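User: Please take a close look at one part of this model, the helix packing, and then place that part among the sheets around it. A connected account is preferred to a list.

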Amino acid sequence: MAVNLVNVEAVSKVYGTRALLDSVSLGVSEGDRIGVVGRNGDGKTTLIRMLAKLEEPDSGRVTQSGGLRLGVLTQHDSLDPEATIRHEVIGDLADHEWAGNAKIRDVLTGLFDGLDLSGFPQGLDTVIGPLSGGERRRIALAKLLIAEQDLIVLDEPTNHLDVEGIAWLARHLRERRSALVCVTHDRWFLDQVCSRMWDVQRGAVHEYEGGYSDYVFARAERERIAATEEAKRQNLMRKELAWLRRGAPARTSKPRYRIEAANELIADVPPPRDTSELMKFASARLGKTVLELEDVTVQAGPKVLLRHVTWQLGPGDRIGLVGVNGAGKTSLLRALADAVRTGGEVQPAAGRVVVGKTVRLAYLSQDVTELPGSLRVLEAVQQIRDRVDLGKGREMTAGQLCEQFGFAKDKQWTPVADLSGGERRRLQLLRLLMDEPNVLFLDEPTNDLDIETLTQLEDLLDGWPGSMVVISHDRFFVERTTDRTFALLGDGALRMLPRGIDEYLERRASLVAAAAPVPAAAPAPTAGRERSAADARAARKELQRIERRLDRISDKETTLHAQIADNATDFEKVARLDAELRELGSEREELEMQWLELAEDAG
């Protein structure tokens, strides 16, 4: 039986006149992997801060098991600005000690692309004080992950990580034995890492089994049965569920009978986008030419980011742009935006950008445009226009669009100065869309947005007829809103990826492996740590045997789930199949533990 690590009993928390949490009772046990979701301001961060005893409840109590080893990543680090990265992350360990530790090597390589920390001026000996917030956050995350904990509590851990870093972090957390509670709006990450979800809503916390995809299904099902939510929200959930089941690879971990129930729930939901209809309408608005790059070279100061790129953005194209940090994604969008704003007069360092005559660009940059603090939300939107044509006969008033973006009627009269960072981001998006553009550039549009707002934005973009380029580290958002993916791999080229972000990660892994230097001879290990080449070979052979057995177990589990679904009325047979399934689960857990222990021996 799993040991209980933290208990939350009848906890309440009030800010001003608003109850963020109202008599909430929860528990975290060994092996739990919990994702926390909810709208911005509904109490997600407050909940996990109380869980970690960084904040006291107004009533109720939080108890932690004796000797609990707890690691917490908050949104503000507590690093010593006078210290070096080496001192904060590695401590007093000698080079041969930390370099011989597979866990430390994995963390440094995963978060900093190598043991030498080449992205920092003095590598490990860089002083922390002058570093950016994003760099400090990665250092704080590395410090936490290198230590041993019983429970890890993470608040937005994917912020400031690129697609590769997020994929590495997901793998790392899956392989750890620590329990996990994680607040994040990255839905792909939640699906990869979590096996339970907490949904914080209106002072209550609803619990769901499974990752994000399972949560979407369960919540849509609960709302359909209970009929407690308004029709618009139900339809949004069912629409997202339809995309999860039809568009991306099936991500749910539920057995077949749950999958069939999900398919039945979305039987009457059309595909998220009518692509051919949108392309036709976009062509009518934009003509044949939108943006064409002819032998273009893009520079940032003296640094050449892209060389001799020939590419075009056509009417109705929905492009996701991914790449390593510093490869030139934002610089490319800026160069294109400059060409559009000047009617083609301002051109890149070399080559030529041809701009269509009817292009009307809206560019959401990473910098939030400052508005007068005294301006009200609705007034800021009405400054652009009172109504907006969304295409295909859809029209919205400024107030209706505000509501769709989470600004309820009372919130529409809030001064801009009183808005949070996420709310200002939403307002910036609103103002762009009110200007009726036919080309959208979105540079990290998901920053500071909660999942519910992201879902509403995706729904709005589904019916938006125009051309679009999206830069985002949020893999779910890129896959959900775009049709094709292009990559900047840091070699000056722009490449199309037929298999999307999976292909990007494979290409990056190949490039990193090819560029890795041949490792120097390691310092002579101490007698207690000697491992011969024969031992390493034996460990690798055993790893391969375990992996083959795990594959067979996975196939068998799939077959058993199907048999249980097919014989649902034969309770005796179902009980026998379920017992067999539990035996396989126990064997799989034991093999996974053996695999983790052998992986270090295999080097």
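Analyst: Helix directions are compared by an angle, and an angle over 145 degrees counts as roughly antiparallel. The model is predicted, and what follows is computed from it.

The part to look at is helix α4, which spans residues 102–112. Its axis and that of helix α5, residues 133–146, come within 10 Å and cross at roughly 160°. α4 and α5 are therefore roughly antiparallel to each other. Their crossing is right-handed. On the α4 side the contact is made by Lys103, Ile104, Val107, Leu111 and Phe112. Arg138, Ile139, Leu141, Ala142, Leu145 and Ile146 make it on the α5 side. Sorted by class, this contact holds 9 nonpolar residues, 2 charged residues and no polar ones.

α4 has another helix partner, α6, formed by residues 163–175. Here the axes come within 8 Å and the crossing is at roughly 155°. That angle makes α4 roughly antiparallel to α6. From α4, the residues Asp106, Val107, Gly110 and Leu111 take part, and they meet Gly165, Trp168, Arg171 and His172 of α6. By class, the contact of α4 with α6 has 3 nonpolar, 3 polar and 2 charged residues. Val107 and Leu111 of α4 appear in the contact with α5 and again in the contact with α6.

Next come the sheets. An open sheet of 6 strands has the order β5-β6-β7-β3-β8-β9, and its pairing is mixed. Its edge strands, each paired on one side only, are β5 (70–73) and β9 (204–209). Neighbouring strands of this sheet are turned by 15° against each other on average, with direction ignored. At the β9 end, β9 pairs with β8, residues 196–201, in the antiparallel sense over 6 bridges. Within that pairing, Gln201 has Ala204 of β9 as its bridge partner.

Strand β3, residues 33–38, also belongs to this order, and Val37 lies in β3. Val37 has a relative accessible area of 2%, and is therefore buried. Leaving aside residues up to four places away in sequence, Val37 touches Lys44, Thr184, Leu190, Met197, Trp198, Asp199, Val200, Tyr215 and Ile451. Val37 and Val205 are 168 residues apart in sequence, while their C-alpha atoms are 9.6 Å apart in space.

Another open sheet of 6 strands, again with mixed pairing, has the order β14-β17-β18-β12-β19-β20. The edge strands here are β14 (361–364) and β20 (494–497), each pairing on one side only. From one strand to the next the twist averages 20°. Beginning at the β14 edge, β14 pairs with β17, residues 439–443, in the parallel sense over 4 bridges. Ala362 stands opposite Leu440 in β17. Helix α12, residues 329–341, packs on this sheet and touches β12, β14, β17, β18 and β19. The direction of α12 makes about 150° with that of β14. Helix α15, residues 421–434, lies across β14 and β17 and runs at about 175° to β14.

Strand β12 of this sheet covers residues 318–323, and 6 of its 6 residues are buried, so β12 is largely enclosed by the rest of the structure. Both faces of β12 are covered, with Arg318, Gly320 and Val322 buried on one side and Ile319, Leu321 and Gly323 buried on the other. Its neighbours in the strand order are β18 and β19. With β18, residues 467–471, β12 pairs in the parallel sense over 4 bridges, and Arg318 stands opposite Met468 there. With β19, residues 484–488, it runs parallel and is joined by 5 bridges. Val322 stands opposite Ala487 in β19.

For the protein as a whole, there are 20 helices and 20 strands. It has 603 residues, of which 50% count as buried. Among contacts between residues at least 6 apart in sequence, 69% join residues at least 24 apart.

Note on methods. Residues are numbered from 1 along each chain as its sequence is written. This is a predicted model: local features need pLDDT of at least 70, side-chain atom pairs count only at pLDDT 80 or more; totals for chains, interfaces and linings use all residues. Side-chain values use heavy atoms; hydrogens and water are left out. Axes are lines fitted to C-alpha atoms, for helices over the stretch in contact, and angles run from 0 to 180 degrees between N-to-C directions. Helices (H or I, at least four residues) and strands (E, at least two) are DSSP runs, numbered from the N terminus. Angles under 35 degrees count as roughly parallel, over 145 as roughly antiparallel, 65 to 115 as roughly perpendicular and the rest as oblique. A crossing is left-handed if the near helix is turned anticlockwise from the far one by less than a right angle, and right-handed if clockwise. Contact means heavy atoms within 4.5 Å. Ala, Val, Leu, Ile, Met, Phe, Trp, Tyr, Cys and Pro count as nonpolar, Asp, Glu, Lys and Arg as charged, and the others, Gly among them, as polar. Two strands pair if DSSP finds at least two bridges between them. Buried means under 20% relative accessible area, exposed over 50%, partly exposed in between (1.4 Å probe, protein chains only).
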